[in-house]
Amino acid sequence: MGAHDLTRMLDGYCLTTAEILYRMPDHPSLLQSYVWQDYDQTPRYPKLNEFLAFWESTIDGKLFKVTVNHRTLVSPADVRTITARFTLN
């Protein structure tokens, strides 16, 4: 995890995973699964909504179901500064 990722998490972003079930264009009775993952803000999920809008306008497979899971990895209360450092020989 880089410093940029930590800054985003402190700004309210969390790791968001979406499982997207969509119908196959040639065989509409079959469902295919696609997993999308990125840092996004809950509860509005602007990046996920942007991706789903792109999907509906560009990709032929019709969306069937989207399941969203998010995990807050770091919150501001979890970060503390260290005031002392000890070295043992």
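Q: Which word fits both Trp36 and Phe51 in this model, buried or exposed?
A: Buried, for both Trp36 and Phe51. Being a predicted model, the structure gives computed values here and throughout. For a residue to be buried, its relative accessible area must be under 20%.

Q: Which residues is Trp36 in contact with, leaving aside neighbours within four places in sequence?
A: Trp36 is in contact with Thr16, Thr17, Ala18, Ile20, Lys47, Leu48 and Phe51. Each of these has heavy atoms within 4.5 Å of Trp36, the cut-off for a contact.

Q: How many aromatic pairs does the structure hold?
A: Six aromatic pairs are found.

Q: Why is the pair of Tyr22 and Trp55 called edge-to-face?
A: The ring centres of Tyr22 and Trp55 lie 4.9 Å apart, and their planes make 65°. Rings pair when their centres are within 6.5 Å, and planes over 60 degrees apart count as edge-to-face, so this pair earns the name. In the chain, the pair links distant parts: Tyr22 sits in strand β1 and Trp55 in helix α2, 33 residues apart. Both Tyr22 and Trp55 are buried.

Q: What makes the pair of Trp36 and Phe51 stacked?
A: Here the centres are 6.0 Å apart and the planes are at 25°. Planes under 30 degrees apart count as stacked, so the rings of Trp36 and Phe51 meet the test. This pair also links distant parts of the chain, with Trp36 in strand β2 and Phe51 in helix α2, 15 residues apart.

Q: Which residues form one aromatic cluster?
A: Tyr22, Tyr34, Trp36, Phe51, Phe54 and Trp55 form one cluster.

Q: Which residues make up the largest nonpolar core?
A: This core has nine residues: Ala18, Ile20, Tyr22, Trp36, Tyr45, Leu48, Phe51, Leu52 and Trp55. Two elements, β1 and α2, give two or more residues to this core. Helix α2 gives the most, with four residues. In soluble globular proteins, nonpolar side chains tend to be buried together.

Q: How do you know that Tyr45 counts as buried?
A: The relative accessibility of Tyr45 is 14%, and the limit for a buried residue is under 20%, so Tyr45 counts as buried. Tyr45 lies in the loop between β2 and α2.

Q: What is notable about phi of Tyr45?
A: Phi of Tyr45 is near 50°, a positive value in a residue other than glycine. Most residues other than glycine have a negative phi, and most peptide bonds are trans. The second part of that rule has a counterpart here too: Thr42 and Pro43 are joined by a cis peptide bond, with omega about -5°. Pro43 is also found in the loop between β2 and α2.

Q: Why does Gln41 count as partly exposed?
A: Gln41 has a relative accessibility of 29%. Buried means under 20% and exposed means over 50%, so Gln41 falls in between and counts as partly exposed. Gln41 is found in strand β2, residues 31–41. The C-alpha atoms of Gln41 and Tyr13 are 4.6 Å apart, with their positions 28 residues apart in sequence.

Q: What order do the strands of the open sheet have?
A: The three strands follow the order β2-β1-β3, with antiparallel pairing. Strands β2 and β3 are the edge strands, as each pairs on one side only. The twist from one strand to the next averages 20°. Helix α1 (residues 3–10) packs on this sheet and touches β1 and β2, its direction making about 85° with that of β2. Helix α2 packs on the sheet as well, touching β1, β2 and β3, and its direction makes about 145° with that of β2.

Q: How many bridges join strand β1 to β3?
A: Eight bridges join β1 (residues 13–23) to β3, and the two run antiparallel. Two strands pair if there are at least two bridges between them, and eight bridges satisfy that. Ile20 stands opposite Val66 in β3.

Q: What makes the meeting of Asp38 and Lys47 a salt bridge?
A: The side chains of Asp38 and Lys47 come to 3.2 Å, N to O. The cut-off for a salt bridge is 4 Å, so the pair qualifies. The count for the structure comes to one salt bridge. Asp38 is partly exposed at 25% relative accessible area, and Lys47 is partly exposed at 31%.

Notes:
Residues are numbered from 1 along each chain as its sequence is written. This is a predicted model: local features need pLDDT of at least 70, side-chain atom pairs count only at pLDDT 80 or more; totals for chains, interfaces and linings use all residues. Side-chain values use heavy atoms; hydrogens and water are left out. Buried means under 20% relative accessible area, exposed over 50%, partly exposed in between (1.4 Å probe, protein chains only). Axes are lines fitted to C-alpha atoms, for helices over the stretch in contact, and angles run from 0 to 180 degrees between N-to-C directions. A nonpolar core is a set of buried Ala, Val, Leu, Ile, Met, Phe, Trp, Tyr and Cys residues joined through side-chain atoms within 4.5 Å.
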